[in-house]
Amino acid sequence: MEHALRQCVLALRIGERLGLSDDDRAVLYYVSLIVWVGCHIDAYEQAKWFGDDLALKAGFRLVDPVGVRSAGQMVRQIGAGRHGLDRAGVAVRFLAGGMRVVGVMMHNHSYASSQLTRDLGLSPHVRDAVLQTFERWDGKGAPDGAKGEEITVTARVVNFADVLEVFHRAGGVEAAVDVARQRSGTQFDPMLVELAASQAPPLFADLDQAATWEAVISAEPAPGPPLTGAQLDASLQAVGDFTDLKSPYTLGHTRAVADLATTAAATSLAGPAGEVTHVRRAALLHDLGRLGVSNAIWDKPGPLSAAEIERVRLHPYLTERMLASAPALAGLGATAALHHERVDGSGYPRGLRADAARYLREEVRAARQDPESAEAVLEAAGHPVWRRRAWPAGLTTREVEVLRLLARGWPNRQIAERLVIARKTVDNHVEHIYTKIGVSNRARASLFAVRHGLMSPAEDGEFTSRPGSAPGRSSWHAPHRFPWPGQRQHRRGPSRGVHHDHRHRSPARVERAHRRRNANARHAAGRRRRVDGRDACPAGDMAEPIPRPHLRSRAPALRAHLAERRR
Ligand SMILES: [Fe+2]
Ligand SMILES: [Fe+2]
């Protein structure tokens with residue numbers, strides 16, 4: 001990325017000195033930033049012939065691409081990373097047909113980048129310039145062998161700035177001017193070489209400071225309007241598809257992951273549509289970091305070495321770092337970086353244990369993540385999620401629990417048993433409730449509860465739609481654990497098997513399950529009556545027996561109930 005930023009600034013400076021219009025400099029700007037992103041399209045072939053594709057690219061600009069030295073460098077790299085007969089076999093196959101492949105690679109590179117410019121909705125002038133990435137002033141380039149001024153001025157400037165930046169970074173202004181002169185009239189336009197030689201000091205001045213992310217973003221010559229949500233989605237999908245080109249084995253992977261994640265999020269998240277959008281966008285970017293790992297590793301036919309595994313484990317981290325520079329994408333990067341983490345801590349790159357949750361929540365506390373999105377992601381990953389809501393009149397959650405039972409006519413003694421708290425505590429709660437809501441009896445308290453939506457059919461274990469879920473998507477709330485939706489609901493993802501999802505069951509089957517459950521509950525309540533000699537609870541239609549202390553000992557029921565609540 002550093003190279004692209006510095007090259008972009010250099011190309012814009014050359015464009016200014018050539019007197020190019022804003023539109024032409026806008027083309028320079030986008031071509032500079034996008035022209036090399038296509039270099040991974042043939043990474044599979046590069047790794048196949050030359051070993052590490054990233055190392056091959058690093059040395060690509062150091063020699064004139066046409067000439068004996070370039071051919072010599074290529075021959076030296078054939079079969080790199082292989083040994084003995086294996087390497088000799090690769091060399092023979094390369095000489096038999098591989099040279100042709102190199103030409104095709106260069107064409108593919110510019111073709112892939114030009115397709116991306118189209119998918120991103122960039123100007124056709126950008127696409128035309130990108131297609132001439134490998135053309136040369138002397139006509140010995142690819143794909144069309146265009147010569148001299150047949151090559152657009154923007155393509156000539158970008159090609160020139162591309163090589164000069166590499167030499168300037170390695171050897172300073174002198175090295176950059178030297179290489180320009182050496183390749184004048186062959187790879188480079190002599191007019192550009194003359195300009196660079198005569199104005200070298202201002203051209204290269206403070207290149208590092210001028211090539212920060214923020215500086216380059218603000219240097220756009222003719223900024224367009226911000227992307228709409230739909231345009232951003234389309235752009236991220238184009239980037240995701242483009243990422244998959246890294247290896248033949250991942251074609252279509254990103255889009256499939258995004259579709260799967262979107263479906264899962266829409267099914268399991270109870271929040272606003274923005275959360276689902278966040279998940280889809282993060283999924284479209286999740287493997288961006290794969291571009292930073294060589295195909296010699298991704299496509300290796302045998303087992304990976306320890307060092308290679310370490311490189312693989314870096315790719316989610318690279319995704320995060322790539323996106324961290326852009327404030328609008330940093331949140332997506334943070335989510336995407338977790339895509340190989342596992343709840344048991346065996347994932348990577350950070351090996352977060354359950355405490356992926358803690359990490360995400362720390363991000364929320366630091367205002368780097370959206371709280372609801374973070375909770376939604378954690379819930380989808382099977383983490384317990386507490387949902388709190390602000391209760392009316394400043395009631396606490398416990399007071400709402402008490403109010404609800406009070407409104408149903410439960411005496412304080414039974415409320416105490418039901419909630420496994422002391423009778424005196426219930427008395428205090430009732431007093432506080434009356435004071436807070438400004439009433440003095442149960443009837444008015446029940447009216448308050450109804451008017452504020454505190455009474456919910458979910459307490460009876462009905463099948464109810466989850467708040468925010470689509471019609472027809474129902475779920476079962478265990479009544480003794482979640483007396484009403486919106487209370488401190490300790491919900492779990494489907495993988496733990498606690499949150500029963502009946503979407504794929506027929507209504508008759510669901511009804512049968514419900515009846516069976518009620519019958520079991522009545523049976524259990526009857527058994528308890530034999531033990532403690534009292535009715536289990538006044539709500540005889542409850543789907544589950546109410547946990548309450550029996551006469552022999554309070555401890556087992558209390559422990560079970562507390563354990564239940566903790567889960
Ligand atoms: Fe992936
Ligand atoms: Fe991945």
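Helices here are DSSP runs of type H or I with at least four residues, numbered from the N terminus. I need that for the loop I start with, and I should say at once that this is a predicted model.

The loop runs between helix H18, residues 327–336, and helix H19, residues 356–365, and Pro 349 lies in it. The peptide bond joining Tyr 348 to Pro 349 is cis, with omega about 10 degrees. If you are checking backbone torsions, that is one entry for the list.

Now the chain as a whole. It has 26 helices and four strands. There are 567 residues, and 35% of them count as buried. Of the contacts with a separation of 6 or more, 60% are between residues 24 or more positions apart.

Next, the nonpolar cores. The largest nonpolar core has 47 residues. Which residues have the most contacts inside it? They are Ala 11, Val 31, Val 158 and Leu 164. Several helices each supply at least two residues of this core, among them helix H1 (2–17), helix H2 (22–34) and helix H7 (124–131). Helix H9 (190–198) and H10 also each supply at least two. Helix H8, residues 153–182, is on that list as well, and H8 gives the most, with 13 residues.

Take Ala 11 as an example from this core. Setting aside neighbours within four places in sequence, Ala 11 is in contact with Leu 28 and Ser 32, and also with Val 157, Val 158 and Ala 161.

There is also a second core, separate from the largest one, with 24 residues. Leu 236, Leu 323, Leu 332 and Leu 378 are included in it.

Back to torsions, with two residues that have positive phi and are not glycine.

One is Asp 206, with phi about 50 degrees. Where does Asp 206 sit? It is in the loop between helix H10 (200–204) and helix H11 (207–210). Is Asp 206 buried or exposed? The cut-off for exposed is 12 or fewer other C-beta atoms within 10 Å. Asp 206 has 9 within that distance, so it counts as exposed.

The other is Val 420, where phi is near 55 degrees. Val 420 lies in the loop between helix H22 (412–419) and helix H23 (423–437). Val 420 counts as partly exposed because it has 16 C-beta neighbours inside 10 Å; a residue needs 20 or more to be buried.

That is the list. Questions can go to the torsions or the cores.

Note on methods: Residues are numbered from 1 along each chain as its sequence is written. Chains are lettered from A and ligands numbered from 1 in the order in which they are written. This is a predicted model: local features need pLDDT of at least 70, side-chain atom pairs count only at pLDDT 80 or more; totals for chains, interfaces and linings use all residues. Two residues are in contact if their C-beta atoms, placed from the backbone, lie within 7 Å. A nonpolar core is a set of buried Ala, Val, Leu, Ile, Met, Phe, Trp, Tyr and Cys residues joined through C-beta atoms within 7 Å.
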